[in-house]
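I opened this notebook to record what I looked up around the ligand, on the surface and among the charged side chains. The entries follow the order in which I went through them.

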Amino acid sequence: MRFSGLRVLREGLTGNKGWTPHWRDPEPKAEYDAVIIGGGGHGLSTAYYLAKNHGMTNIAVLEKGYIGSGNIGRNTTIVRANYFLPGNSEFYSHSLKLWEGLEQDLNYNVMHSQRGLINLFHSDGQRDAFARRGNAMINQGDDAVLLDREGVRKYLPYLDFDNTRFPIFGGLLHPRGGSARHDAVAWGYARGADQRGVDLLQNCEVIGIDIENGKVRGVQTTRGAIRAKKVGIVVAGRSGQVAAMAGMRLPIESHVLQAFVTEGLKPCIDHVVSFGMGHFYISQSDKGGLVFGGDLDFYATYAQRGNLPMMEHVMEAGMTLMPMIGKAKVLRSWGGIMDMTPDGSPIIDKTDTEGLFIDCGWCYGGFKAVPGSGFSFAHLMATGTPHQTAAKFRLDRFRTGRGLMDEEGTGSQHNLH
Ligand SMILES: Cc1cc2nc3c(=O)[nH]c(=O)nc-3n(C[C@H](O)[C@H](O)[C@H](O)COP(=O)(O)OP(=O)(O)OC[C@H]3O[C@@H](n4cnc5c(N)ncnc54)[C@H](O)[C@@H]3O)c2cc1C
């Protein structure tokens, strides 16, 4: 079934009786050429690109809950390519290009909105750092505009510019940055993969990984054993637990990140605004809710919920930046489990077990990476060689210390990334 304006019109006039489910609900087969563990954004996009770019269609995505129940349906939807370090720059630049053609590619409205992202700065030193970052982005072929205080005021007149602790000196505008609708991205990739023959197996938790003589043979699941020549682990916050089934100990800590949304308001915030010094960022959804968040909850956990002190911290930061937000009513908050690496950069690599691959370590920035990660992980799984845009995301950098990509310059402290 293809979506089009004409189709929407026809269905609207005929009682919406012609729509069919987005994907099938198949029984697991005994064997696949490849299985992907994890039906989040990265797992689904990997399956989609394996089928689309590499002709591998005898594959299954194994999801322990339902499609979209993990971080892909819990994030604050920021899409950007404003990275500084080689290794990250080319990857996120490629991912943003994929975003720009995604709706046509998937024939699905993921509500990708390039409304512009503004990172605020509050000192001369921070201005220098953002100027360098902007130059790196431009060198990479992306877009960046350094705004002075009046430049920011033009776009964001409602901010408190003269806050004594964080007076606003200016901002770095990334015009192609923006947002997309998170669960539509999961549904779009799921539908695209299913249409190419991929089996999406929900309520199918992987509870063991079968390995013989250094080679992966398949997985044990709550719906029975499944043999597979290749297995990809793509489980975000559960990466440490699932990798342990294959005897691996990952350099990953799992931490909670919370998000908040207010009642629907008339359009008032046009951009995505990031207030890094206060650990606060905000945008407005198409429904009108202000969507915002802050920092990690600062303790390792697998619980998908946050705590009240961090909630208070985020609200304080919001009030510091834009006192007007105090009038809005917060309707909902939720948490997701982040797979934090020591250098804040991800892992897309083979493992020491033949046929077993891993894609993880997205920290709190993996939504924007969904197209690029699926594209390059599918390339690695299909060809056995890393894609050029993800060649630096090696697991052994944590063993050797060579090639660490520490975007924040905060060392191995997970909480500070
Ligand atoms: C509050 C919040 C705000 C965020 N904001 C942003 C943002 O603005 N921009 C951005 O780029 N990123 C953001 N992120 C990060 C982003 O959401 C994640 O990095 C990304 O979604 C992780 O990849 P995923 O979609 O594949 O994860 P998930 O959707 O979590 O997918 C992993 C899946 O694996 C499944 N699974 C786990 N164990 C098993 C098992 N044993 N067997 C089978 N299945 C299993 C889980 O059920 C889950 O569905 C945010 C995250 C949160 C929580």
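**Ligand contacts.** I started with the backbone of Asn71, where an N or O atom lies 2.8 Å from an oxygen atom of the ligand, keeping in mind that this is a predicted model. I found two further backbone approaches to ligand oxygen atoms, one from Ile78 at 2.9 Å and one from Thr77 at 3.4 Å. I then looked up how far the ligand is enclosed, and noted that the protein covers 96% of the 1000 Å² of accessible area that the ligand has on its own.

**The shell.** I listed 38 residues around the ligand, of which Glu63, Asn71, Ile72, Thr76 and Lys368 come nearest. By type I sorted the shell into 18 nonpolar, 14 polar and 6 charged residues. Which element supplies the largest share of the shell? I noted β12, with 3 residues, and I also recorded that α2 (41–54), β12 (253–264) and β16 (330–340) each supply at least two.

**A surface patch.** I turned to helix α1 (residues 5–13), where Leu6 is placed, and noted that Leu6, Leu9 and Leu13 form a nonpolar patch on the surface with about 390 Å² of accessible area together. Leu6 has a relative accessible area of 66%, so I entered it as exposed.

**A buried histidine.** I looked up His174 in strand β6 (residues 170–174), and because its relative accessibility is 1%, I entered it as buried. The side chain of His174 makes a polar contact of 3.0 Å with that of Asp143.

**Salt bridges.** I counted 19 salt bridges and followed several of them. Asp105 and Lys52 meet through their side chains at 3.1 Å, N to O; since Asp105 lies in helix α4 (residues 102–106) and Lys52 in helix α2, this pair ties together parts that are 53 residues apart in sequence. I entered Asp105 as partly exposed at 28% relative accessibility, and Lys52 likewise as partly exposed at 36%.

Are the partners Asp142 and Arg176 buried or exposed? I found both to be buried, with their closest N and O atoms 3.0 Å apart in a salt bridge. This pair links distant parts of the chain, 34 residues apart, with Asp142 in the loop between α5 (124–139) and β5 (145–148) and Arg176 in the loop between β6 and β7 (178–179).

For the salt bridge of Arg181 with Asp183 I noted 2.7 Å between the closest N and O atoms; Arg181 is partly exposed at 33% relative accessibility, whereas Asp183 is buried at 15%. My last entry is a network in which salt bridges with shared partners join Arg24, Asp194 and Asp199.

Note on methods
Residues numbered from 1 in each chain as written. Predicted model: local features only at pLDDT ≥ 70, side-chain atom pairs only at ≥ 80, totals over all residues. Heavy atoms only, no water. Near = heavy atom within 4 Å. Polar contact = N/O pair within 3.5 Å; in protein donor to acceptor, adjacent residues only side chain to side chain. Areas by Shrake-Rupley, 256 points an atom, 1.4 Å probe, with all protein chains shown as cover. Helix = DSSP H or I, 4+ residues; strand = E, 2+ residues; numbered from the N terminus. Nonpolar A, V, L, I, M, F, W, Y, C, P; charged D, E, K, R; others polar. Patch = residues over 30% accessible without salt bridge, like charges linked within 9 Å, V, L, I, M, F, W, Y side chains within 5 Å. Salt bridge = Lys/Arg side-chain N within 4 Å of Asp/Glu carboxyl O. Buried < 20%, exposed > 50% of the residue type's maximum accessible area, 1.4 Å probe, protein only.
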